[in-house]
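Visitor: I should like a close look at a single part of this molecule. Please take one sheet, with whatever packs on it and whatever charged pairs lie around it, and describe it in a connected way.

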Amino acid sequence: MNVNQTDQTVPVSQPSSAPDQTRASFGALARLASLTCNMPIAAITVAGAHSYQLADSIGIDLDCEPFWQPWCSRVAAAQHPLVVSCATAVTGTSTDEAPIRAFAGAPLIGHDGQVLGILFVAGDHPSDLNDRHLDILAGLAEQAVGHLATARDQRLLAQLTSDLARARAREEDMVAAVSHELRTPVTSILGYLELLTDDAAANRFQKLIGPIQRNADRLVSMVDHLLDGTRTAGAAASGAAPTAVDLTAVAHTASAACQAEAQHGDVDVDVAVRSPDVDCTVHGNAAELGQAVQQLIRNAILFSPRRSTVTVEVAHRKHPSITVLDHGAGIPAHELPHVTERFYRGKQARDQAVPGVGLGLSIVQRIATAHGGTIRVTSPGTGQGTTAHLTLQKPSKPKENQT
């Protein structure tokens with residue numbers, strides 16, 4: 001299709017730019033367009049606020065007058081490939097200052113219909129370009145759009161990663177500050193309570209001292225909980241070297257540590273070992289694994305009705321595992337995908353005012369990940385109990401020294 005050149009400028013759709021990482025691809029597309037159309041000049045321009053900027057080109061002196069502006073605007077207005085033949089001569093546009101007498105361009109149209117730029121070829125002789133050449137230019141323009149979309153996605157991803165990193169840093173700073181402000185006075189309170197406990201003259205106040213001490217211990221535990229919950233996933237909580245850890249011993253120790261909560265809630269905790277002759281040893285940190293299992297047992301106790309039983313099962317099927325089963329409040333299906341998210345508290349926890357800040361299962365997941373394992377929580381639904389399945393890896397065998 002032949003059209004006459006016009007100096008009318010069509011408003012550009014939106015500001016844009018060509019990221020550096022796309023220029024190599026643009027250069028290759030421009031060279032291919034030049035060779036295919038037998039034109040000495042080829043370029044890709046990107047839409048700016050009021051004009052088109054060169055993204056990459058061949059055969060154009062960067063200091064020349066931007067002759068392509070009105071022609072690119074004409075292609076953008078048409079929104080399909082166009083050929084301009086016998087155009088008014090414009091000098092000083094190519095490296096040898098030959099006049100431009102032919103121009104063909106194809107718009108770079110985004111998925112939203114916006115014109116992102118123009119791919120064009122130009123020469124110093126009237127063109128004999130046909131529909132096949134225009135189809136080729138259109139195809140090359142589509143590839144250029146793909147490169148722009150990829151660059152845009154990479155830019156957005158980089159921005160999102162940066163925003164998440166800043167948000168995480170702010171969160172960690174906030175938790176560290178709050179933890180410090182809480183731990184300092186509570187530690188002082190506990191110190192004075194110990195002095196009062198040892199003071200015979202304060203015996204008549206022991207009924208008051210006991211609840212104060214329990215609540216202060218609870219605050220310290222919550223501070224530690226916050227610090228554990230804000231560690232990076234997969235990060236170890238301590239610098240202790242991994243050792244062989246017997247999951248059966250971990251289950252019994254964790255169960256014993258939760259006896260106070262179990263008695264307060266009138267809940268029995270039963271440790272069951274399936275196939276006791278099978279080795280359930282894993283390679284890891286005993287304290288961290290104990291913390292994870294304690295958290296699972298405590299969760300089960302908190303959501304269990306009185307006079308019910310929480311079962312802690314140690315087994316070795318494909319991998320060593322500990323499963324904690326309760327017959328309590330259960331979890332609705334739509335909440336299950338979120339239970340390991342930090343600070344997530346389900347409807348049951350909110351309605352029943354269950355103590356906690358929503359970090360327990362996220363801590364368990366972090367510890368499981370650090371040990372090459374997984375945590376899976378299932379529930380038939382509200383009021384039908386919950387099962388937490390912690391699966392770990394077998395200990396790796398030490399490599400023999402080669403001689």
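**The sheet and its surroundings**

Guide: Helix α7 lies across β7, β9, β10 (320-326), β11 and β12 (386-391), and its direction makes an angle of about 15° with β10. The model under discussion is a predicted one.

The strands beneath this helix form an open sheet of 5 strands, in the order β7-β9-β10-β12-β11, with mixed pairing. At the edges stand β7 and β11 (374-378); each has a single partner strand, so one side of each is left without a neighbour in the sheet. From one strand to the next, the twist averages 15°.

Both edges can be followed through their pairing. Strands of a sheet pair through backbone hydrogen bonds, and the pairing may be parallel or antiparallel. At one edge, β7 and β9 run parallel and are joined by 7 bridges. Here V269 has V310 of β9 standing opposite. At the other edge, β11 and β12 run antiparallel, with 5 bridges between them. In that pair V377 stands opposite A388 of β12.

The edge strand β11 also shows how its side chains are distributed. In a regular strand the side chains alternate between the two faces of the sheet. Along β11, I375 and V377 point to one face and are buried, whereas T374, R376 and T378 point to the other face and are not buried. V377 thereby appears in two descriptions: it is one of the buried residues of β11, and it is the residue that stands opposite A388.

Ahead of β11 in the numbering comes helix α9 (residues 360-370), which is mostly covered, 8 of its 11 residues being buried. The buried set consists of G360, L361, S362, I363, V364, R366, I367 and A368. Just after α9, G372 takes a positive phi of about 70°.

The charged pairs around the sheet come next. Side chains of opposite charge can pair when their charged atoms come close. With a limit of 4 Å between a side-chain nitrogen of Lys or Arg and a carboxyl oxygen of Asp or Glu, the count comes to 6 salt bridges.

One of these joins R274 and E313, with 2.9 Å from N to O. R274 lies in the loop between β7 and β8 (281-284), while E313 belongs to strand β9, so the salt bridge ties together parts that are 39 residues apart in sequence. The two partners differ in their surroundings: R274 is partly exposed, at 41% relative accessible area, whereas E313 counts as buried, because its relative accessibility is 15%, and the limit for that class is under 20%. The pair also belongs to a network of salt bridges in which R274, E313 and R317 are linked.

A further salt bridge is formed by D266 and R307, whose closest N and O atoms are 3.9 Å apart. This pair links distant parts of the chain, 41 residues apart: D266 is in the loop between α6 (259-264) and β7 (267-273), and R307 is in the loop between α7 (286-302) and β9 (308-316). D266 is partly exposed, at 33% relative accessibility, while R307 is exposed, at 71%.

A salt bridge within a helix may be set beside these two. The side chains of R166 and D163 meet at 2.3 Å, N to O. These residues are 3 apart in helix α3 (residues 131-198), which means that about one helical turn separates them. R166 is partly exposed, with 40% relative accessibility, and D163 is partly exposed as well, with 32%.

Returning to the sheet, the picture is of β7-β9-β10-β12-β11 in mixed pairing, with α7 lying across these strands. At the β7 edge the pairing with β9 is parallel, and the salt bridge of R274 and E313 joins the loop between β7 and β8 to β9. At the β11 edge the pairing with β12 is antiparallel, and the side chains of I375 and V377 are buried on one face.

Terms used
Residues are numbered from 1 along each chain as its sequence is written. This is a predicted model: local features need pLDDT of at least 70, side-chain atom pairs count only at pLDDT 80 or more; totals for chains, interfaces and linings use all residues. Side-chain values use heavy atoms; hydrogens and water are left out. Helices (H or I, at least four residues) and strands (E, at least two) are DSSP runs, numbered from the N terminus. Buried means under 20% relative accessible area, exposed over 50%, partly exposed in between (1.4 Å probe, protein chains only). Two strands pair if DSSP finds at least two bridges between them. Axes are lines fitted to C-alpha atoms, for helices over the stretch in contact, and angles run from 0 to 180 degrees between N-to-C directions. Contact means heavy atoms within 4.5 Å.
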